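Colleague: I should like to go through this model with you. Could we begin with the terms and then turn to the contacts?

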Amino acid sequence: MRFLYLELANDWSDQTVEERMRLCAEALYAHKLIKPRYFTQITARISQRAHRQRDVRARNRTRLLGCKRCDDTGYLDHAGFAQDPCDHKVGP
């Protein structure tokens, strides 16, 4: 399952999925369940994917195309939580 990292985590703390995943990695590291190397890799990947989604969102804010493939979210199959950017060039 893939997540939209910039969406709210839908609970009482009002965190984004990115923040929640980072906290989970920190908890695993604090309890010595993962090594420092893995902690660094995990947090770097979370940051990269969230940054990629921020870029796609920023580009799509300037141009809403009424894309039927992604519903102007900028991601293919956003209901399935995929992270692949939509190029808005191909029809539905």
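Modeller: Buried means under 20% relative accessible area, exposed means over 50%, and partly exposed lies in between. The model under discussion is a predicted one.

Colleague: Is Y29 buried, exposed or partly exposed?

Modeller: The relative accessible area of Y29 is 36%. The intermediate class runs between the cut-offs of 20% and 50%. Y29 is therefore partly exposed.

Colleague: Which arrangement do the rings of Y29 and F39 adopt?

Modeller: The structure holds one aromatic pair. Its ring centres, those of Y29 and F39, are 4.8 Å apart, and the planes meet at 20°. Planes under 30 degrees apart count as stacked. The pair of Y29 and F39 is therefore stacked.

Colleague: Which helices does this pair tie together?

Modeller: The two residues are ten apart in sequence. Y29 belongs to one helix and F39 to another, residues 36-62, so the pair joins helix α1 and helix α2.

Colleague: What span should helix α1 have, and what is the distance between its end C-alpha atoms?

Modeller: Helix α1 comprises 14 residues, 17-30. At 1.5 Å a residue, the expected span is 20 Å. The distance between the end C-alpha atoms agrees with this, at 20 Å.

Colleague: Which residues of α1 are buried, and where do they lie around the axis?

Modeller: The buried residues in α1 are V17, E18 and A25. They cover an arc of only 105° around the axis, which puts them on the same side of α1.

Colleague: Which residue follows α1 with a positive phi?

Modeller: The residue is found in the loop between α1 and α2. Its phi is near 60°, a positive value in a residue other than glycine. With a relative accessible area of 75%, it is exposed. The residue is K32.

Colleague: Which residues are linked in a network of salt bridges?

Modeller: Side chains of opposite charge can pair when their charged atoms come close. The structure holds two salt bridges: E18 meets R22 at 3.6 Å, N to O, and R54 meets E18 at 2.5 Å, N to O. The latter pair links distant parts of the chain, with R54 in helix α2 and E18 in helix α1, 36 residues apart. The network comprises E18, R22 and R54.

Colleague: How far apart in helical turns are E18 and R22?

Modeller: Both residues lie in helix α1, four residues apart. Their separation is therefore about one helical turn.

Technical notes
Residues numbered from 1 in each chain as written. Predicted model: local features only at pLDDT ≥ 70, side-chain atom pairs only at ≥ 80, totals over all residues. Heavy atoms only, no water. Expected span 1.5 Å × (residues − 1). Buried < 20%, exposed > 50% of the residue type's maximum accessible area, 1.4 Å probe, protein only. Arc of directions from axis to C-beta. Phe/Tyr/Trp six-rings, centres within 6.5 Å; stacked < 30°, edge-to-face > 60°. Salt bridge = Lys/Arg side-chain N within 4 Å of Asp/Glu carboxyl O.
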